[in-house]
Amino acid sequence: MSRNIDTVNTYLDGFRKNDHDQILSCLTDDIEWTVFGAFHLTGKDAYDKAIDGPPELIDPPHLEVVRMVEQGDVVMAELLGTVQRVAGGEIRMSMAEVFVMRDGKIAERRAWVIELKENDYR
């Protein structure tokens, strides 16, 4: 496995444990995070504040890597996820993630998150 894929796997493992230190250790100081249709932020401080997600959800999420590919300094991952709601029930998601790497750390994360309400594709 490459250094970049190792970093992304360590990062995802940090999210599975809600371990802020582990997540932040995988990021450059000037990290940019975009979730299309939701938000864009820059810097580790802003990233740290956004890790836990909205207060109506219970951390940590369950994340499953479907596939991961690498080309140069870009790692792309397809993920399936679930997260519990404070009010009960769960949210199921399909995610596409692009990690732009610099010197073995994540410099940019671009995410497309689709909630699955009916089945595995809808």
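A nonpolar core is here a set of buried Ala, Val, Leu, Ile, Met, Phe, Trp, Tyr and Cys residues that are joined through side-chain atoms within 4.5 Å. With that in mind, and remembering that the model on screen is predicted, begin the tour inside the protein.

**The nonpolar core**

Select Y11, F15, L27, Y47, F99 and I106, which are the residues with the most contacts inside the largest nonpolar core, a set of 28 residues. Colouring by secondary structure then helps to show where this core comes from, since α1 (3-17), α2, β1, β3, β4, β5 and β6 are the elements that give two or more residues to it.

Next, keep I106 and display its surroundings: leaving aside residues up to four places away in sequence, I106 touches T7, Y11, C26, L27, T28, I31, F99, V100 and M101. Among these neighbours, Y11, L27 and F99 also appear in the list of residues with the most contacts inside the core.

**Helix α2 and Q22**

Move now to helix α2, which covers residues 20-24, and pick out Q22 within it. Is Q22 buried or exposed? Its relative accessible area is 15%, and because the limit for a buried residue is under 20%, Q22 counts as buried. Around Q22, the contacts to look for are T10, D13, G14 and K17, again without counting residues up to four places away in sequence.

**The hairpin of β3 and β4**

Select residues 57-71 for strand β3 and residues 74-85 for strand β4, and follow the antiparallel pairing that joins these two strands over 11 bridges. To check the register, centre on L63, whose bridge partner in β4 is G81. Then travel to the turn, where 2 residues lie between the strands and where G72 takes a positive phi near 60°.

**Salt bridges between separate elements**

A search of the whole structure finds 9 salt bridges, and three of them make convenient stops.

Start with K44 and D29, whose side chains meet in a salt bridge at 3.6 Å, taken from N to O. This pair links distant parts of the chain, with K44 in helix α3 (residues 44-50) and D29 in strand β1 (residues 27-35), 15 residues apart. A surface display adds that K44 is partly exposed at 23% relative accessibility, whereas D29 is exposed at 62%.

For the second stop, select E115 and R85, which form a salt bridge with their closest N and O atoms 3.3 Å apart. E115 belongs to strand β6 (residues 105-116) and R85 to strand β4, so this pair ties together parts that are 30 residues apart in sequence. E115 is partly exposed, with a relative accessible area of 35%, and R85 is likewise partly exposed, with a value of 33%.

The third stop is the salt bridge of D120 with R92, in which the closest N and O atoms are 3.6 Å apart. Here D120 lies in the segment after β6 and R92 in strand β5 (residues 90-102), so parts that are 28 residues apart in sequence are tied together. D120 counts as exposed at 65% relative accessibility, while R92 is partly exposed at 23%.

**The annotated region**

Finally, select residues 8-108, the range that UniProt lists, in an unreviewed entry, for "domain: SnoaL-like". Over this range the chain is 22% helix and 56% strand, and the C-alpha atoms at its ends are 12 Å apart.

Notes:
Residues are numbered from 1 along each chain as its sequence is written. This is a predicted model: local features need pLDDT of at least 70, side-chain atom pairs count only at pLDDT 80 or more; totals for chains, interfaces and linings use all residues. Side-chain values use heavy atoms; hydrogens and water are left out. UniProt positions are given in the numbering used here, feature names are shortened, and annotations may be inferred rather than shown by experiment. Helices (H or I, at least four residues) and strands (E, at least two) are DSSP runs, numbered from the N terminus. Two strands pair if DSSP finds at least two bridges between them. A salt bridge is a side-chain nitrogen of Lys or Arg within 4 Å of a carboxyl oxygen of Asp or Glu. Buried means under 20% relative accessible area, exposed over 50%, partly exposed in between (1.4 Å probe, protein chains only). Contact means heavy atoms within 4.5 Å.
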